[in-house]
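These are my notebook entries from a session of looking things up in one structure. I went from a single annotated position outward to the chain as a whole.

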Amino acid sequence: MAECTTEEQWRILEFYSGIGGMRYSLMRAGIHGQVVEAFEINDRANDVYEHNFGHRPFQGNIQSLSAAELDKYAAHAWLLSPPCQPYTRQGLQKDSADARASSFIRILELIPQMQHPPIMLFVENVVGFEISDTHKRMIAIFAKTCFVTQEYILSPLQFTIPYSRPRYFCLAKRKPLCFKNPYLNFQLLHRFTPLAALKDSTMMAGCPPEEVEEECYLSCQPIRNFLEAGSLMVFEQDCHDKEVKRSGDFFEKFAVPHSLIERWGSAMDVVYPCSKRCCCFTKSYFRYVKGTGSLLATYENLKDEAGKSNEICFMKDLGLRYFTPGEVASFHSFPSDFSFPEHITIRQRYALLGNSLSIAVVAPLLEYLFTDLLDVIEAQNSAVGGHAT
Ligand SMILES: C[S@@+](CC[C@H](N)C(=O)[O-])C[C@H]1O[C@@H](n2cnc3c(N)ncnc32)[C@H](O)[C@@H]1O
């Protein structure tokens, strides 16, 4: 087993690195680790990753990596966010028969062949993955290679972010390492309070997700906190004391055209700056309006009439606009210094963000995965009177 002293950094591999959501989550969690390599096939995602981290991920198909190649990295942890299309409700749900699932299965199958297999794994995917055939195969490999797991379905709404994006997460540790709360082993949980000494795990496991969401709603921040400065419409008095709307280039660029409101208005999810929830932004946001993410009403003083919000003529008066890529990044809790290189188009920005993840959710999960392990190693070291090497 690869070992790590508490002074050393964890050696981490980031698979399907995209624009670096996992790496930002590691940073947010304050984990003393080094991403020794990232793997990503998409050129544009790699441009963004390099722009922000100064390192270009290994650009190739993860499926072609061998056990010997991976052994060279001697990594303690693997972070994986494989493609979700095989498991999405909108997709064909071809599951492991989908070519996009094969690289993930293949990489897991390498673990038993490795001389230095990872001792921790973290997997992120869409809700639906937990009932897939790929999940079954993943769990079978973990059992064969002596990993204990804890699984979660969590949304940013549970972390005060007004953003509904429930996702599946699997945390795996290789025995003899263990989780701080072993009562939660081999369970699928809808709440994250593992650092508290919760013994009644059955209560947690059985809690219906809708109840959890409802409960969290009250503690969420308003959407207003996630908007770009000066991005709302304001009414001003003109020289004849008449109310006029002030709109600028900013609004023009992201405005929802009236023709789209006429056609799709009834299917649009409209939110206000004071709202405490918006829908998941998918990679097709800005290309399609139906089911791809919420739209923002920028005339907040019309909120009182929100009961009418699905009436087309009323909707045209709301000053509807798309959330900007910067705002979507904020809902994903990306740091304020995250940026895109100029050559990445607006549509590409939305597409890359839509594939990424919520740092507000992933960071505490990673902290839980890594920190308790450190405690265990410290305890082991003090038991033998020194550090492992
Ligand atoms: C769900 S996204 C992960 C996004 C990432 N976590 C982030 O924060 O942006 C999956 C990523 O895997 C990449 N990908 C899919 N199949 C791949 C393969 N066989 N080899 C390498 N990368 C792959 C896609 O280009 C995509 O960026």
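Which residues is Cys 84 in contact with, leaving aside its neighbours within four places in sequence? I looked this up in what is a predicted model, and found that Cys 84 is in contact with Asn 125 and Val 126 once those neighbours are left aside.

**Entry 1, the annotated position.** I started from Cys 84 because UniProt, in an unreviewed entry, lists this residue under "active site", an annotation that may be inferred rather than shown by experiment. I placed Cys 84 in the loop between E3 and helix H4, the latter covering residues 102-109. I then asked whether Cys 84 is buried, exposed or in between, and since I counted 19 C-beta neighbours inside 10 Å, Cys 84 goes down as partly exposed; the cut-off for buried is 20 or more.

**Entry 2, the strand before that loop.** I turned to Leu 80, which lies in strand E3, residues 77-80. Leu 80 has 23 other C-beta atoms within 10 Å and is therefore buried. Setting aside neighbours within four places in sequence, I noted contacts from Leu 80 to Phe 15, Tyr 16, Phe 104, Leu 121 and Val 123. For one of these partners, Leu 121, I also looked up the spacing: Leu 80 and Leu 121 are 41 residues apart in sequence, and their C-alpha atoms are 7.7 Å apart in space.

**Entry 3, the ligand.** I found 23 residues around the ligand, and those that come nearest are Tyr 16, Gly 18, Gly 21, Ile 41 and Ser 356. Tyr 16, listed there, is also a contact of Leu 80. By character, I recorded the shell around the ligand as 10 nonpolar, 11 polar and two charged residues.

**Entry 4, the core.** The largest nonpolar core has 94 residues, and I noted Leu 320, Leu 365 and Leu 366 as those with the most contacts inside it. Helix H13, residues 359-384, gives the most to this core, with 10 residues. Because domain 1 (10-219 + 358-384) and domain 2 (229-323) both give residues to this core, I describe the core as lying between them. For Leu 365 I listed the residues touched, not counting those up to four places away in sequence, and these are Tyr 152, Phe 169, Leu 171 and Phe 192.

**Entry 5, the whole chain.** I closed with totals for the protein chain, which has 13 helices and 12 strands. Of its 389 residues, 39% count as buried. Among contacts with a separation of 6 or more, residues 24 or more positions apart account for 72%.

How values were computed: Residues are numbered from 1 along each chain as its sequence is written. This is a predicted model: local features need pLDDT of at least 70, side-chain atom pairs count only at pLDDT 80 or more; totals for chains, interfaces and linings use all residues. A nonpolar core is a set of buried Ala, Val, Leu, Ile, Met, Phe, Trp, Tyr and Cys residues joined through C-beta atoms within 7 Å. A residue is buried if 20 or more other C-beta atoms lie within 10 Å of its own, exposed if 12 or fewer, and partly exposed in between; C-beta atoms are placed from the backbone. Helices (H or I, at least four residues) and strands (E, at least two) are DSSP runs, numbered from the N terminus. Domain bounds come from an automatic or database domain assignment. Two residues are in contact if their C-beta atoms, placed from the backbone, lie within 7 Å. A residue is near a molecule or strand if its C-beta atom, placed from the backbone, lies within 6 Å of it. Ala, Val, Leu, Ile, Met, Phe, Trp, Tyr, Cys and Pro count as nonpolar, Asp, Glu, Lys and Arg as charged, and the others, Gly among them, as polar.
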